[in-house]
Amino acid sequence: MEWMRWRPATERALYGPEGFYRRPEGPAGHFRTSVHASPKYAAAVARLLAETDAALGRPAELALVDVGAGRGELLAGVLAAVGPELAGRLRPYAVELAERPAGTDPRIVWTDRVPDGVSGLLFANEWLDNVPLDLAERDEDGRLRYQEVTVRGERRLGAEVDAGDAEWAAAWWPEGEVVELGGPRDAAWAGAVGALERGLAVAVDYAHTLASRPYGETLTGFREGREVRPVPDGSCDVTAHVALDAVAVPGLHTLWTTQREALRALGVHGARPPLALASTDPVAYLRALGGAGEGAELTDPSGLGAFGWLAQAVRMPVPESLAGLPGWQTLTP
């Protein structure tokens, strides 16, 4: 039985020739993201896109880069939500390793890498949690050693972590029996943000920060709608929460917030419509009630609303809706 560190094992299990994310059913066949929960999510991204466009001075070509695009559902929703003038200048990119699905809107550029030198909105919904990383565990002497795993999910301790991972752990995850070594995610996000000429970069994910790092691991699996033991055999998703403070690129105007606060700023709410509407216009009342339910799910502080949002402005002013949220700061290099 072959033993590997978690990072290469996960890379093969998720993105190899027979990997989980190359399956025809796509992520939606196994778990439900905010994109799948309601069209209100795409409408909120469309509003953020329009505000990014305004902050950039309405360029002749505006990029919308969806990193980890799945089967293009978010881009399709945004294209349906934007007005014709913006749609005429919009260049949507789906960044995804899986093949382009049949029937994808021909306006969408399907690519396996973030386009370089574009201006616009880069949006990564539940991408970073699937960037493979290594796990390390403290041995009986307190030294951090890599975990090794087989394709069946059996584990053992391997070599002591190298200098780079030890430095990352000391800076970003100094406590805990198990450390999820987030350096590859930091590098992936830096590469994505660095590809923007100007624009707003947003990462949305299961997240934690230094003040709330878990003592144990967050690594888990998902298959057919159920959380399962993480096994790197290609049969399930393998995912771990994101150290979102470590990910942020220095030198940029930066906001960390929750999905609840970000979506509320973008006009998504779960408030029920006035009961009087039920008697004057029952159809409109039922429609509004359904929309309120979807908004409540997206902003639920114990569910999707608890997701972390990291927003970083690259050579542009902060978009209007997000500008009013507290916590913006310029990170020093």
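Me: Two strands pair if DSSP finds at least two bridges between them. What makes strand 12 and strand 13 a pair?

Reply: This is a predicted model, in which local features need pLDDT of at least 70 and side-chain atom pairs count only at pLDDT 80 or more, while totals for chains, interfaces and linings use all residues. Residues are numbered from 1 along each chain as its sequence is written, and side-chain values use heavy atoms, with hydrogens and water left out. Strand 12 (residues 220-223) is joined to strand 13 by 3 bridges, so the requirement of at least two is met. Gly-221, for instance, has Val-228 of strand 13 as its bridge partner. (Strands are DSSP runs of E with at least two residues, helices are runs of H or I with at least four, and both are numbered from the N terminus.)

Me: Why are strand 13 and strand 14 called edges?

Reply: The open antiparallel sheet has the order 13-12-14. Strand 13 (226-228) and strand 14 (237-239) each have a single partner strand, so each has one side without a neighbour in the sheet. Neighbouring strands here are turned by 35 degrees against each other on average, direction ignored.

Me: How do you know that strand 3 and strand 4 pair?

Reply: Strand 3 (residues 90-95) and strand 4 run parallel and share 3 bridges, which again satisfies the rule. One of the partnerships links Val-95 to Thr-111 in strand 4. They belong to an open sheet of 8 strands, ordered 4-3-2-5-10-17-16-18, with mixed pairing. Its edges are strand 4 (109-111) and strand 18 (329-330).

Me: What makes the meeting of helix 3 and helix 4 a right-handed crossing?

Reply: The name is used when the near helix is turned clockwise from the far one by less than a right angle, and left-handed when anticlockwise. Helix 3 (residues 39-55) and helix 4 have axes that come within 8 Å and cross at roughly 65 degrees; the crossing is right-handed. (Axes are lines fitted to C-alpha atoms, for helices over the stretch in contact, and angles run from 0 to 180 degrees between N-to-C directions.) Contact, meaning heavy atoms within 4.5 Å, involves residues including Tyr-41 and Leu-49 of helix 3 and Leu-74 and Gly-77 of helix 4.

Me: Is Arg-58 buried or exposed, and why?

Reply: Exposed is over 50% relative accessible area, buried under 20%, and partly exposed in between (1.4 Å probe, protein chains only). Arg-58 has 53%, so it counts as exposed. Arg-58 sits in the loop between helix 3 and strand 2.

Me: Why is Glu-126 called buried?

Reply: Its relative accessible area is 12%, so Glu-126 is on the buried side of the cut-off. Glu-126 lies in the loop between strand 5 and strand 6 (134-138).
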